Amino acid sequence: MIGERHVLEMLPAYALGSLDAEEKSGVEEHLGECPACQRELEAYQAVAAQLPLAVPLQTPPPRLRQAILDRAGQVSPASRRSGARAGPRPALLQRLGRSLRAPAPAWALVGVALLAVVLLGFNLVLLRQVASPPASAFRVIQLAGTDSAPQASAWMVVSADGRSGTLIAQGLPALPPGQQYQLWLNRNGQRASGGVFSVDAAGYASEWVYTPVPLADFKQFGVTVEPQGGSPAPTGARVLAGGG
Amino acid sequence: MPGGPVNLDDWDDERLIAGVAGARTDALAALYDHYGRLIFSVALRVLNDESLAEEVTQDVFIQVWKKVSLYHPDQGRLVTWLASLSRNRSIDLLRRRSIRPEGHQMSWADGSSPDLEDPAAVEPEVELRLERQRLIRAIDALPAEQQAVLSLAYFQGMSHQQIAGALGEPLGTVKTRLRLAMQKLRQALERDSVSHP
Ligand SMILES: [Zn+2]
């Protein structure tokens with residue numbers, strides 16, 4: 001019965017995972033019907049969550065950093081997307097493209113932004129951003145393929161608060177190993193890197209763009225081919241350009 | 001901002017996560033620079049084996065790289081989430097491989113240890129450094145036998161029964177010590193969070 005016997009004295013150990021199976025299931029049964037004990041548990045869970053910060057600090061061998069980056073480089077963007085984060089379907093992207101090539105009334109831009117939100121809605125950052133502002137507050141900038149990549153096109157969707165955005169690119173040629181695409185942002189003649197990305201076998205990529213200064217300050221966007229990991233300044237062929 | 005690449009030092013947790021979600025290896029490198037040492041230290045504390053700790057640290061970062069969407073800010077801060085990934089993965093490894101660390105380290109970070117005071121030793125973030133100091137001092141203030149029980153529970157993933165076996169103490173004593181340790185830490189940390197808003 002509720003209230004007959006709280007499990008307060010068991011909660012610290014429960015938060016640490018130190019109860020035996022029988023005690024644990026008893027506590028869980030009670031927690032299911034007792035908000036007071038749930039609140040107490042949250043307080044102990046907050047303590048448990050902090051405990052690892054009190055570990056004596058050791059310095060890892062310097063090679064570990066590079067080993068992690070090397071392994072990350074072997075996990076291709078395609079296999080990243082094969083998990084929970086399914087990528088947009090090409091047909092949807094083509095519709096997205098057609099709607100932008102047609103004369104674009106205001107509703108089309110809203111549609112693009114909404115579609116981008118739906119397609120990319122797995123991301124927590126964008127999810128939090130779309131929770132408040134209307135989709136029409138998004139700004140969409142189209143990038144066109146250059147002579148180096150005439151089939152390519154891309155859209156830069158800048159969030160309502162101007163702090164971040166998403167680059168959606170399609171029709172880009174897959175690059176040989178050791179090369180990646182790099183996004184460049186320009187404002188008042190100043191250039192910043194917007195990050196590097198790779199495309200999947202279909203030439204598609206969606207890239208989160210997050211910069212310390214507001215993304216909305218940047219007016220022009222370009223994409224070049226660079227060595228894996230990117231360059232401090234553009235060195236390779238420009239494949240996409242746009243903005244005003 | 002002068003022309004040129006954006007400065008990753010300016011990235012806060014949200015930007016690091018967004019960068020990793022965008023498959024930016026530079027963001028992953030920055031994430032490592034922020035939290036790699038802590039994640040490695042937690043794994044080493046559990047496993048007491050440097051090469052296994054390296055393995056776990058790699059696995060944690062690759063898991064985050066593959067599925068950063070697993071992280072929800074509602075569940076807590078990035079640093080504690082990463083540290084608990086390292087702890088849980090290390091304990092899994094202990095159990096799966098039936099590894100018995102040689103002896104049980106039962107100590108916590110020393111409250112008077114120099115790396116508490118070195119501003120570059122832990123994190124660039126002052127807030128986290130202060131939090132760590134408060135926590136270490138609160139643990140330092142616990143009686144040694146409570147510190148030991150808490151350490152075995154958290155870093156070895158031991159149950160009451162296992163701790164009692166490892167220490168040769170009665171089960172009831174172990175239960176009481178663990179409960180008191182957690183209650184005192186909770187009080188100390190809640191008091192601190194009131195006096196340091
Ligand atoms: Zn209750």
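Buried means under 20% relative accessible area, exposed means over 50%, and partly exposed falls in between, using a 1.4 Å probe and protein chains only. Keep that in mind for the legends below. This is a predicted model, where local features need pLDDT of at least 70, side-chain atom pairs count only at pLDDT 80 or more, and totals for chains, interfaces and linings use all residues. Residues are numbered from 1 along each chain as its sequence is written, chains are lettered from A and ligands numbered from 1 in the order in which they are written, and side-chain values use heavy atoms, with hydrogens and water left out.

**View 1. Chain A at a glance.**
Chain A has 244 residues, and 49% of them are buried. Its secondary structure adds up to eight helices and eight strands; helices (H or I, at least four residues) and strands (E, at least two) are DSSP runs, numbered from the N terminus. Now for contacts, meaning heavy atoms within 4.5 Å. Among the contacts in chain A with a separation of 6 or more, 57% are between residues 24 or more positions apart. On the outside, chain A exposes about 11200 Å², with carbon and sulfur atoms supplying 55% of that. Accessible areas come from the Shrake-Rupley method with a 1.4 Å probe, and for residues only the protein chains shown count as cover.

**View 2. The zinc ion and its protein donors.**
Look for A:His6 (ND1), A:His30 (NE2), A:Cys34 (SG) and A:Cys37 (SG), the protein donors of the zinc ion, at 1.9 to 2.3 Å from it. Donors here are N, O and S atoms within 2.8 Å of the metal (3.2 Å for Na, K and Ca); water is not among the atoms, so sites may look incomplete. Along the sequence, the spacing of the donor residues reads H-x23-H-x3-C-x2-C. The four donor atoms make angles of 103 to 115°, and the site is tetrahedral, a label that four donors get if all angles lie between 85 and 135 degrees. For four tetrahedral donors, the ideal angle at a metal is 109.5 degrees. Are the two cysteines, A:Cys34 and A:Cys37, buried or exposed? A:Cys34 counts as buried because its relative accessibility is 3%, and A:Cys37 is buried too, at 0%.

**View 3. Where chain B meets chain A.**
The contact draws 76 residues from chain B and 60 residues from chain A. Together the two chains bury about 6500 Å², 63% of it on carbon and sulfur atoms. Buried area is the accessible area (1.4 Å probe) that two parts lose on being put together, summed over both. There are five salt bridges between chain B and chain A, a salt bridge being a side-chain nitrogen of Lys or Arg within 4 Å of a carboxyl oxygen of Asp or Glu. Over all chains, the whole structure has 12 salt bridges.

**View 4. A:Glu23 reaches B:Lys175.**
The closest N and O atoms in the salt bridge between A:Glu23 and B:Lys175 are 2.9 Å apart. A:Glu23 sits in helix 2 (residues 21–31) of chain A and B:Lys175 in helix 8 of chain B, so this pair joins two chains. A:Glu23 is buried, with a relative accessible area of 14%, while B:Lys175 is partly exposed at 27%. Helix 8 of chain B covers residues 171–195. Leaving aside residues up to four places away in sequence, B:Lys175 touches A:Glu23 and B:His160. From C-alpha to C-alpha, B:Lys175 is 9.0 Å from B:Gln161, and the two are 14 residues apart in sequence.

**View 5. More charged pairs.**
Side chains of opposite charge can pair when their charged atoms come close. B:Arg89 and B:Asp59 meet in a salt bridge (3.7 Å, N to O). B:Arg89 belongs to helix 4 (residues 78–96) of chain B and B:Asp59 to helix 3 (residues 50–66) of chain B, so the pair ties together parts that are 30 residues apart in sequence. B:Arg89 is partly exposed, at 31% relative accessibility. Elsewhere, salt bridges that share partners link A:Glu40, B:Arg186 and B:Glu190 into one network. Within that network, the side chains of A:Glu40 and B:Arg186 come to 2.7 Å, N to O.

**View 6. B:Asn48 and its phi.**
B:Asn48 is not a glycine, yet its phi is positive, about 55°. Most residues other than glycine have a negative phi. B:Asn48 lies in the loop between helix 2 (25–47) and helix 3 of chain B, and is partly exposed with a relative accessible area of 32%.

Terms used
Tetrahedral: all angles 85-135°; square planar, octahedral: opposite > 155°, others 65-115°.
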